[in-house]
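Biologist: I have a new structure open and would like to talk it through. Can you take my questions one at a time?

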Amino acid sequence: MSDGRLNVLSAIDRQLRLGTLPPSGSLQHPGAFTSRQAAPVDLVALLTRELEALAVTVHREADDRAATARVLALLDERGASRVLAWDPEWLNCPGLSEAIDAHGIVREPCWLPAGAAERRARLAAIDDVRAGLTGALAGLADTGSLALVSGPGRGRTASLLPPMHVAVLRADQIVPSFGACLAAHPHIADEGSNLVLITGPSRTADIEMTLTRGVHGPGHVHVVIIG
Amino acid sequence: MTSAPLNFYVRVDLALKDHALGAAMDRATKKLVSSREAGMAAFPEADAVRDHARRIRAHTVGQLGQYLRQFETAVHARGGHVHWAETAEQAVAIVADIARQHDVRSAVKSKSMVSEEIDLNAALARAGVDVLETDLGEFIVQVDKDHPSHIVAPIIHKSRHDIAKSFRGLGATDEDVVDVPQMTAFARRLLRAGFLKADMGISGGNFGVAETGSLCVCTNEGNGRLTTTLPRVHVALMGIERVVPTLADLDVMLQLLGRSATGQKLTVYTNIISGPRRGQGATGAQGAMGAQGATGATDESDGPEHLHIVLVDNGRSRLLGGELAEILYCIRCGACLNACPVYQQVGGHAYGSVYPGPVGAVLTPGLRGLAGWEDLPQASSLCGACREVCPVRIDIPRMLLSLRDESTRLGLTPAWATSGLRLLRRLAVRPKAFRVAQRLAARATRLLARDGWIRWLPGHLSAWTRQRDFPAFAPETFMRRWERRGR
């Protein structure tokens, strides 16, 4: 379809050259947006408030041991015998994976095979896993969002397929906004093929504007903040 | 794009007589308007961000060729494919070709207005591909063989009882349709089965980022993520105007999109996709990899093996550099629909186009030509509510006027309206004649009126009184009163 490419691009260039409204090339890019707002002082408090407003449950834990105990309790509450989990080094909590193993809960990796039949079989096998466990790249305080980047050992399905998602985050990973996150990670698009900002549980209001949670993605989201 | 089977005014009549539709529209638009207002009120820098976003859109649209080339190069560098479609026919042929090439039998789709515009589902069905709509609203539209009536909330014209009836047709029990959460759970189960077996996922694209070759797909339900994660192949359809220069610019747009659409600070899942899954699995050569075997340390765990982005022109490039170029700044938030007093009354279907409301009244004639759509720019009181709420401050009323002007020049405006306006112009520049005409009109309208209101007007003017009463002219003209006051 190289003809399509040539034709579309030459039509665009011709129209912009001939056009007068607005004059081609005269409108400069406005540069970066500079906020006049004062930076928030307590990022943990702001993130917590925003998450809770979205019906996300926040657990503030003092250290890795307390966080591990909290995650195990959440998995037990859910009756999860398996958990779709990121690899240990990405969970932001040393010792958590080992503790899950010792607790008798099976950690399922997010791996999907490339072949059609194998892929379908793997998806069928993990469809009914009741909980997903991830770390996060950052917490975005002003919108109550989690930023997750995909990669080896960091599958997208962990925060997507099961009805409950537990994310573990260290307090020093919280930034004021998505803009601050981009500034801290200038090559974020090189880090993984998928960056997702998760802002609350899956929701819909399509039927009579009635808010309902958990339509396709997790209806229950827990954020465990360490420190 | 569906072409309207009925005359616009006939469709408006039908809509206004449908009381259930009226109640549903009233409930939905009020809710959406107040959600947006609350979201914007809690956003201290809203005005500055809107000004900034407008300048980004104006700059990008003014350099569109350059940014699309940059976007294409960046997508290629990440292993994705870019296709260019001049027309709807080319776009559906490209998608059907991709499906054939990857041996696709079934596809899942997340919401895409462009796919409605090019009537993709019908074309894929002809190519032997089953397409399942996965946005809850769009799924119900598909089950009912209906059309969406809002670009963000597709089924605001339906009640839960309508939907319960449709679900029963799909095997839902009494328990399944007892309330909205149960109905949602029923749809989730049906759609999950479709996701697990689909070979291809089709999505729209809210934005393309030129600097990184990223595609941004926003959904609240999570169907956008499932569509772009589970199937082997991901095809994204995007209008050529949806590109922004950088991720920082995307951030500015995202601050406005959710707030303008539903009052949310961000859509629940803001999904930014930079190429297909990375690593050797992505080549597809290792098709028989086991669940845990052969996971090279550099391979991403999941995601599609192939990414195809289809850039759709379909009339957009013609708008560049002209009176209507500004409509290409639009980020499809739907705020102008909710705010429009005409849309609030008649709903989306009356417009007969995939894009209803004020934005559609400009975009539809812009993309498809005025002939056949010349009534849409008339469906506005020019009150300016659309311009007021637009996150990128598009001057929709200006473009509606320019389209009205064009339809008169093309001879598409009805003769009685043009000759009526010509008569008015002749009178308005002759003060004496104008006063005589005023006195005659006052007398005539008082003869027709009862209790000060006219319930029936003759001839072409009857269109007015079919839906509403017309007030009788005051017995004394303003000029007369002014003179008396001066004395």
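**Two chains and a shared sheet**

Biologist: Start across the chains: which residue is the bridge partner of I198(A) in strand 9 of chain B?
Modeller: The partner of I198(A) is Y269(B). Strands here are DSSP runs of E with at least two residues, helices are runs of H or I with at least four residues, and both are numbered from the N terminus. This is a predicted model, in which local features need pLDDT of at least 70 and side-chain atom pairs count only at pLDDT 80 or more, while totals for chains, interfaces and linings use all residues. Residues are numbered from 1 along each chain as its sequence is written, and chains are lettered from A and ligands numbered from 1 in the order in which they are written.

Biologist: How many bridges join those two strands, strand 9 of chain A and strand 9 of chain B?
Modeller: Five bridges, and the strands run antiparallel. Two strands count as paired if DSSP finds at least two bridges between them.

Biologist: What sheet do they sit in?
Modeller: An open sheet of eight strands, in the order 8(A)-5(A)-6(A)-9(A)-9(B)-6(B)-5(B)-8(B), with mixed pairing. Its edge strands are strand 8 (174-175) of chain A and strand 8 (243-244) of chain B, each paired on one side only.

Biologist: Does anything pack on it? Which strands does helix 12 of chain B touch?
Modeller: Helix 12 (residues 247-262) of chain B packs on the sheet and touches strand 5 (207-209), strand 6, strand 8 and strand 9 of chain B. The helix direction makes about 160 degrees with that of strand 5 of chain B. Such angles run from 0 to 180 degrees between N-to-C directions, with axes fitted as lines to C-alpha atoms, for helices over the stretch in contact.

Biologist: And the pairing within chain B?
Modeller: Strand 6 (residues 214-219) of chain B pairs with strand 9 of chain B in the antiparallel sense over five bridges. C216(B) has I272(B) as its bridge partner there.

Biologist: Now the chain A half. Is strand 6 of chain A buried or exposed?
Modeller: Mostly covered: five of the five residues in strand 6 (residues 145-149) of chain A are buried. Buried means 20 or more other C-beta atoms within 10 Å of the residue's own, exposed means 12 or fewer, and partly exposed is in between, with C-beta atoms placed from the backbone. S145(A), A147(A) and V149(A) point one way, and L146(A) and L148(A) the other.

Biologist: What are its neighbours?
Modeller: Strand 5 (residues 138-140) of chain A pairs with strand 6 of chain A in the antiparallel sense over three bridges, with G139(A) partnered by L146(A). The two strands form a hairpin with four residues between them, and G144(A) in the turn has a positive phi of about 70 degrees. Strand 6 of chain A also pairs with strand 9 of chain A, antiparallel over four bridges, and L148(A) stands opposite V196(A).

Biologist: Back to the interface. How many residues does each chain give?
Modeller: Chain A gives 78 residues and chain B gives 97 residues. Contact means C-beta atoms, placed from the backbone, within 7 Å.

Biologist: Which element of chain A gives the most to that side?
Modeller: Helix 1 of chain A, with eleven residues. The side of chain A that touches chain B divides into 34 nonpolar, 31 polar and 13 charged residues. Ala, Val, Leu, Ile, Met, Phe, Trp, Tyr, Cys and Pro count as nonpolar, Asp, Glu, Lys and Arg as charged, and the others, Gly among them, as polar.

Biologist: Change of topic: what is in chain B overall?
Modeller: Chain B has 22 helices and twelve strands. Buried residues make up 52% of its 487 residues, and the C-alpha trace spans about 95 × 55 × 45 Å along its principal axes.

Biologist: Any other sheet in chain B?
Modeller: There is an open sheet of six strands in chain B, in the order 1-10-7-4-2-3, with parallel pairing. The edge strands are strand 1 (81-85) and strand 3 (130-133) of chain B. The twist averages 20 degrees from one strand to the next.

Biologist: Which residue is the partner of V108(B) in strand 3 of chain B?
Modeller: L132(B). Strand 2 (residues 106-109) of chain B is joined to strand 3 of chain B by four bridges, running parallel.

Notes: Contact = placed C-beta atoms within 7 Å.
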